[in-house]
Amino acid sequence: MRQLTVLYDASCGLCKRAQGWLMSKPKHVELIFVAATSDEARRRFPQLNHDLTLTDLTVIGDDGAVYFGPKAWLMCLWALREYREWSLRLSSPALLPTAKRVISTISQNRYQLEGLGRVALREAR
Amino acid sequence: MDVIVVSYGFYLAISIALTVWVAHTLHKNGRIFLVDVFHGNEPLADSVNHLLVVGFYLINFGYVSLALKLGYDVRNAREGIEALSWKIGMVLVVLGGMHFFNLYIFSRMRRRASIADAPPPVAPDAYTAVRGHTYAPTHGSV
């Protein structure tokens, strides 16, 4: 696998922050960011259920392998040079259930978390 | 010749022989690891292997010569053998420690190298058609 397409929620600030962070890191595998449900996403993956991609992060390999939710996050880590070891560690049988739970919680509350971050920033100023 | 000088002679002979034997084992069997780590680049593997063995010799001979002095008088053969046994035991423990440390370094290098070719950590949830590609799963299934 040489390339992963990341379908992210472009209306969520936290996701855009995460995208910026992912883009700035050296990689083993190229990451291409496409806004979920955009025309570009529909053009690239004509058979995908695009409504589902808005509910959680989706990563698609150049071989058509679809990774959804926590698995998509682990695949993003796997693409990064400095974090591949972490992706392997977190997906070990002992840690995977916890990792999935934590990632799902963050993902499902992304709008609230973004709000919290903004409040914290405002109070810090 | 008094007992202590004979003990020192035996100590040096046995310690040097042991160090050479362990270093030789390390050199011979570590090479396979290193060739794997450096993706078949044999000259580089041989070079790193040689440098590791030089470090191994320096540390062990350094320890052997620092630990030579007994510090008390040996009056008969029995005391000489006891002192010798204690000293050789220490050399063996240090050699063992160094040997495992080397193995740890080899395995860590190997793990580092294998991470770059590691397959995806999780199996995909599904497969979809990609524009410009045909449907062709290359690993695992849902």
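**A sheet shared by two chains**

B:His39 is an exposed residue, because just 11 other C-beta atoms lie within 10 Å of its own and a count of 12 or fewer is taken as exposed. The model in which it sits is a predicted one. B:His39 has a positive phi of about 50 degrees, although it is not a glycine. Its place is the loop of chain B between α1 (3-37) and α2 (42-66). Chain A offers a case of a similar kind: A:Thr37, again a residue other than glycine, has a positive phi, near 65 degrees. A:Thr37 belongs to the loop between β2 (30-35) and α2 (39-44) of chain A. A:Thr37 is partly exposed, because it has 17 other C-beta atoms within 10 Å, a count that falls between the 12 or fewer of an exposed residue and the 20 or more of a buried one.

Back in chain B, helix α1 also holds B:Ile32. B:Ile32 counts as exposed, because its neighbourhood comes to 12 other C-beta atoms within 10 Å. Between B:Ile32 and B:Ala45 there are 8.6 Å from C-alpha to C-alpha, for a separation of 13 residues in sequence.

Now for the chains as wholes. Chain B is built from three helices and one strand, and along the sequence they come in the pattern α-α-α-β. Of its 142 residues, 18% are buried. Among the contacts in chain B with a separation of 6 or more, 67% link residues 24 or more positions apart. Chain A has seven helices and four strands. Starting from the N terminus, the order in chain A is β-α-β-α-α-β-β-α-α-α-α. Chain A has 125 residues, and 31% of them count as buried. For chain A, residues 24 or more positions apart make up 61% of the contacts with a separation of 6 or more.

Strands from both chains come together in one open sheet. It has five strands, in the order β2(A)-β1(A)-β3(A)-β4(A)-β1(B), and its pairing is mixed. At the edges stand β2 of chain A and β1 of chain B; each has a single partner strand, so one side of each has no neighbour in the sheet. Further in, β1(A) and β3(A) run antiparallel and are joined by four bridges. One of the residues of β3(A) taking part is A:Thr58, the bridge partner of A:Leu7. A:Thr58 also has a bridge partner in β4(A), namely A:Phe68. The pairing of β3(A) with β4(A) is antiparallel too, over three bridges. These two strands make a hairpin with three residues between them, and A:Gly64 in the turn has a positive phi of about 90 degrees.

What covers the two faces of β3(A) can be read from its residues: A:Thr58 and A:Ile60 on one side are buried, and so are A:Val59 and A:Gly61 on the other. In a regular strand, side chains alternate between the two faces of the sheet. Helix α4(A) lies across β1, β2, β3 and β4 of chain A, and runs at about 110 degrees to β4(A).

The largest nonpolar core has 29 residues, and A:Val59, A:Tyr67, A:Ala72, A:Leu74, A:Met75 and A:Cys76 are those with the most contacts inside it. Two or more residues each come from β1 (3-8), β3 (58-61), β4 and α4 (70-79) of chain A. Helix α4(A) gives the largest share, eight residues. A closer look at A:Val59 shows what it touches: leaving aside residues up to four places away in sequence, these are A:Leu4, A:Val6, A:Tyr67, A:Ala72, A:Met75 and A:Cys76.

Where the chains meet, 25 residues of chain A and 19 residues of chain B take part in the contact. The side of chain B that touches chain A is made up of 14 nonpolar, three polar and two charged residues. The chains also pair strand to strand: β4 of chain A (residues 65-68) and β1 of chain B (residues 126-127) are antiparallel and share two bridges. Opposite A:Ala65 stands B:Tyr127 in β1(B), while A:Val66 has B:Ala126 as its bridge partner.

Technical notes: Residues are numbered from 1 along each chain as its sequence is written. Chains are lettered from A and ligands numbered from 1 in the order in which they are written. This is a predicted model: local features need pLDDT of at least 70, side-chain atom pairs count only at pLDDT 80 or more; totals for chains, interfaces and linings use all residues. Two residues are in contact if their C-beta atoms, placed from the backbone, lie within 7 Å. Ala, Val, Leu, Ile, Met, Phe, Trp, Tyr, Cys and Pro count as nonpolar, Asp, Glu, Lys and Arg as charged, and the others, Gly among them, as polar. Two strands pair if DSSP finds at least two bridges between them. A nonpolar core is a set of buried Ala, Val, Leu, Ile, Met, Phe, Trp, Tyr and Cys residues joined through C-beta atoms within 7 Å. Axes are lines fitted to C-alpha atoms, for helices over the stretch in contact, and angles run from 0 to 180 degrees between N-to-C directions.
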